Amino acid sequence: MSTDYRPQSEISDAEFREVILPGGRELASLSDIQYIYGQMLELGAESTPYSAPDEYAPFLTPMEASAVRGREQGIVYFNVQLNREEKSLRPLGATILTGSEEHIDRCAFSHYDAANGVDHSITQKTSKNGGIDPDKSTYKDFSYIAENKLRSVINGWPTQDLIQPVIEEHEDGWIIQQINELSTFEEEMESIRGEIEDTLTVDDTKRVTRLVSIRFFESDLTAPIEDLDLPGQRNPDEWVYPANLEVLLEGMKAQRTGKWRTKNKANASGTAAGYVHSDIVDDVYGMGTAPLSLYTGKKRAWMPNLNRDLSAAIHPFTAETLAMIGKSTPLLNACRQSAGLSIYHFPYFGGEQTPQKMRYLYELLWETHALRQQEEDEDDENTPSHTPIERFYKQLTQKAASDDAQQSVIDSFQFWTVSIINVQSGRKRAIAEIKGTNALRTVDVAQQAESVARDLSNTSLFETYEWDFTTPETDFHAQITSPYYFISTTVTTTDEDDVDQNEPGYALFQQLLRDQPLSVSQLLNAYIPHIESCYDAGADDGRRVPKLQIIQQFAQLATLSRSGLLDVDIPEVANIDEPYQIPVEGDGEPREVDMTETADDTNPDHDDEGGDSTTTTAKERAIAEQEAYKRMVTEQPVLSESPSRRAVFTLGSLITTVSGYQAAKGTKPLNARLNPTTITKHNIQQYVTDVLEQINTYAGAESGNNIWKYETQTGQLTEDLTAMPVSEWELSSADIQYHLSLGMAFGAQRHD
């Protein structure tokens, strides 16, 4: 697919000044966004000498036929003789050509949503798989093109109600009428359909997008067809195309403007200053639609009391404005990402609009569109796709580094973000809209995530070597510039039929886009259902807790802490700057480790009588476990400053440690009858008692070596519960459950 566009250096300031809204005002609505993007597309799409006259250009949509460019058998022409003397037409045959810019322009294509009817122009576009059963590898029936689309050209388009006034009033109106009469040439038409089907079966090219159009050989001769001196394929200029016939262009324009004016015989038109360009009074239409389709006066169910005849008074747009808005789809799609719904990040520049800002915006949109098309064309699983924010960030940083960069312009860069559910074809529902988002702030968060990942992978506290989110080389821009950053750590529906903007994954992402701090309590409340849904009650190794998900949540908390985006609203945390941290090897003061009073037993290199190397290994492991635990509870502010939260974490670690030992011995583990998300302040004391009783039984296991690990943790647990009894805790249930789960995940790790 071609992604060529006019270099901005070839576009004058005067041309960019024409794009600016009246008075240089800032973009104030999604209609403004779509209009400007349509103008940008019009500026960048280079036409050929074969295009329709300029007055019809706003109503044509050649970019919507971009999939045809370079496609073998991409253009299907129905050849017709045009006899002006007799005012008649007769079929000549069909020609199938490779799609090219030249022929796309000659076809004068104007797109209309296929679900709503035939295209605005006599040229019709096929869908890629339309009418073809992909499950039947031997299916060679091209009747979808040879019959259905050809019928749209001959019988469908000429009979549209909105075109009838053109037939009656234009001096060449008879041509449209005669096109509709071509179906009476039954034998010739059957032969042409067969010719099309036979040609299209070559090289298995059935799954491509095509344009089906008509072209004319002007001749007053009435001789048999075989005696006519028809132009060959090497002489395309001797044919007359839709772009050359004013009557067909007028019919296309009537179709386009008529749908903005009427529905069920309503007359939604008038004279007023329209939206977007409000500086002039002109003819306006009230039924205009836009690619985002957030407003429609055509659905009475949405607006049961709407008087369609007066809709031009509440939704007035001029034809030129609506035409430009309609062109914006390709550049709008360059800003789209999918995450259960469609999220659009539309870049724009705030403040007074200038040619320089328009020039920057032009480059951003077109380069991003080209990159996206390149990714789609390559369709390589090994090539990662990028979110719109990533693409815009790359382009903007390159622009900022250039010699001609204006910092004031770059500083005014913003996003207009809108989340949309596709209700049905042509109908969309916006569930969230934010103007002026600092979407590039998510890039800063991604850089902090990379830092957290590096620290997390370097620490011995967690086994992270196989987890993508703890690999510094992971593409965090792709993760964090999408709602999936929070969808992966919460319970969030991604089914478009059930998606809800208030679900955690979307709500948290919206806050991130607004550059608003996320409260710890909000995150913990969102994390708990995810932990519960991932808890493996059937695991037989005593490690039922979903450690991957819990540590991923912990890394997210640390990332938001470092980014200054965490609102610490939980009790017993004095260090509000960075409550969650990743302890790294070598940080902090050297720590002394309390073991037993027997010097020989404290030496991990010391061998008992008989040189039992297994005992030495157990000692080393016990020492490592004790060291890791002490580092976690002393270097993690959210634990070190809170006796109650530290007690919860310690209890979680002991539960998993004891459960793992029980499972290894074939005994029913302790966590078989508990789920961390069921523990609250009201029942936690019972679990403390159960754990301590189990530890008294198993502390002497492995020749007494485990007693060191248990002693440190049980001693800390007892000390914290003495300092602050459970009855005095201020922790919420989510606070207790998350940090207990974090302790369980920690206990499920090996730290030797």
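This short presentation covers a cavity, a helix pair and one loop residue.

The model is predicted, so local features need pLDDT of at least 70 and side-chain atom pairs count only at pLDDT 80 or more, while totals for chains, interfaces and linings use all residues. Residues are numbered from 1 along each chain as its sequence is written, and side-chain values use heavy atoms, with hydrogens and water left out.

I begin with the cavities. On a 1 Å grid over the protein atoms alone, a cavity is a set of points where a 1.4 Å probe fits but cannot get out, and lining residues have an atom within 4 Å of a point. A volume is the space filled by probe spheres set on the points, which are joined across faces, edges and corners. Three cavities of 30 Å³ or more are present, and the second largest encloses about 40 Å³. Its lining includes Cys107, Ser121, Pro242 and Met252. Helix H8, residues 246-261, contributes the most to that lining, with three residues; helices here are DSSP runs of H or I, at least four residues, numbered from the N terminus.

H8 also meets helix H10, residues 319-327: their axes, lines fitted to C-alpha atoms over the stretch in contact, come within 11 Å and cross at roughly 105°. The two helices are therefore roughly perpendicular, a term for angles of 65 to 115 degrees. In contact, meaning heavy atoms within 4.5 Å, are Arg256, Thr257 and Trp260 of H8 with Ala319, Leu322, Ala323 and Gly326 of H10.

Finally, Ala537 sits in the loop between helices H19 and H20. Ala537 counts as exposed because its relative accessibility is 55%, and exposed means over 50% with a 1.4 Å probe, protein chains only.

Notes: 1 Å grid on protein atoms, 1.4 Å probe; cavity = no way out; pocket = protein on both sides within 12 Å on 5 of 7 lines; lining within 4 Å. Buried < 20%, exposed > 50% of the residue type's maximum accessible area, 1.4 Å probe, protein only. Axes fitted to C-alpha atoms, helices over the stretch in contact; angles between N-to-C directions. Parallel < 35°, antiparallel > 145°, perpendicular 65-115°, else oblique.
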